[in-house]
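Visitor: Please show me the model and explain the words used for it.

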Amino acid sequence: MTKLNLIAGEWLAGESEIENRNPSDLTDLVGMFAQASGDQLEATLDQARVAQAEWAAYGLERKQAVLNAIGNELMARAEELGTLLSREEGKPLAEGKGEVYRAGQFFTYYAAECLRQIGENADSVRPDIEVDVRREAVGVVAIISPWNFPTATASWKIAPALCYGNAVVWKPANITPASAVALTEIIERQDIPKGLFSLVMGSGRSIGQRLVESPKVNAISFTGSVPVGKGIAAAAIQNLTKVQMEMGSKNALAVMDDADLDLAVSLALGGAFGGTGQKCTASSRLVVHAGIHDAFVEKLVAGAQAMKVGHALEEGVQMGPVVSQQQLGENLAYVDLGKSEGAELACGGQRLEMPHDGFYMSPGVFLNTNNDMRINREEMFAPLTSVIKVGSYDEALSVVNDTNFGLTSGIVTKSLARATHFRRNARTGVVTVNLPTAGTDYHVPFGGRGDSSYGPREQGKAAAEFYTTVKTAYISAGPV
């Protein structure tokens, strides 16, 4: 049975449908999913505007109850929905379950934020006038989310959007529609106005483009690639639509000569190959001090070779397949590119034949690379990482910062001085010390610099800057 879109409060078939198959086992059909039409998008945008005015007028505790219910159901169903997520996206089951649970925490966090929307007041510079400053909903928010964290990334956008009184029109990635439908079913059952939340599955070229070009949209939150993000920004500016974009990255983990070797290797392996390397926070550049380089490389390569690659739902699997045939082809092309640039492929980077027909490749490590190579300049979104040898801390910091991106960076060191200097001078939006570059908390800001991010930060209280607009009121009460 085809899964439907949620259009203006009704579950409707679309103008066509697509099939969704398990990248771990292509014989496993996850389902068929409707593709929304342009007319359906217009209808749901019109209804969203009506519903938003109604939702904004809901009492604080009524909104809070809705978000709490969504979050608690996600957490309670983490095993079930995490299994579905891993089945369609390919990340190991433990990661799938963890993602759904974290998505629930976003909703319960923003449920509490419903009650914490406190403004400011001031005396005017003019006599007997008071000033009241508060935040109001921005209106109808378009959310365009990626396939690599299909539930969590969507949730960290949807939850604050609803918390601050907005309507949401959500276009998820077409490669992971099952998780989108599951989350939409939970939200749609709640005490919300008809059409407040819409699911419009469809291609980026048709539905996505029409959505970002619509004058009926007040704000667009997007996570995806740099070229698509630039296209969205160009479309949005025609209507002066507010935009928030998280895009590419080329994150570096600096390993100093005083680092705990086993910790450094563990952080590098987890950061590079967790989620099959398909994370915007993945450690794709390992900047390693010459004093520890050979010992680090020996353990890193051994660790990569020992990783168990397999079906996402099988016990003990540490790395699942990549998400699609196209992604696998791009990944293998980067392996060939790295070799052509003179990098040494120490292990992995090959397509694997497995008992199930899927998009499997072995985790790859490049050695003898420099920061000018394309494999160290471009986001690969693959289970591939490069080691760059440096002679000093200063050189390491310089290499870390030598990128057009600026999302996350990390350092492994026992030196408080180096850690402090790195934390203050790494030009990234997120910095980690003796931790992987991947893995962030939901109650603090998240975002990057350079080509990685554009617009206000996501998560925590910082989300209010994007999902609200500020109103300043002047009040003269007159004489007593």
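Guide: What follows is a short set of questions about rings, charges and burial.

Guide: The model is predicted, so local features need pLDDT of at least 70 and side-chain atom pairs count only at pLDDT 80 or more, while totals for chains, interfaces and linings use all residues. Residues are numbered from 1 along each chain as its sequence is written, and side-chain values use heavy atoms, with hydrogens and water left out.

Visitor: How many aromatic pairs does a search of the whole structure find?

Guide: The search finds ten.

Visitor: Why is the pair of Tyr110 and Tyr164 called edge-to-face?

Guide: Rings of Phe, Tyr and Trp (its six-membered ring) pair if their centres lie within 6.5 Å; planes under 30 degrees apart count as stacked, over 60 as edge-to-face and the rest as tilted. Tyr110 and Tyr164 lie 6.4 Å centre to centre with 70° between the planes, so they are an edge-to-face pair.

Visitor: What makes Tyr110 and Tyr164 buried rather than exposed?

Guide: Buried means under 20% relative accessible area, exposed over 50%, and partly exposed in between (1.4 Å probe, protein chains only). Tyr110 has 0% and Tyr164 has 7%, so both count as buried.

Visitor: Why does Thr2 count as partly exposed?

Guide: Thr2 counts as partly exposed because its relative accessibility is 22%, and that value lies between the two cut-offs.

Visitor: How do you know that Thr2 makes a polar contact with Glu17?

Guide: A polar contact is a pair of N or O atoms within 3.5 Å; within protein, one must be able to donate a hydrogen and the other to accept it, and residues adjacent in sequence count only if both atoms are side-chain atoms. The side chains of Thr2 and Glu17 are 2.7 Å apart in this contact, so the distance meets the cut-off.
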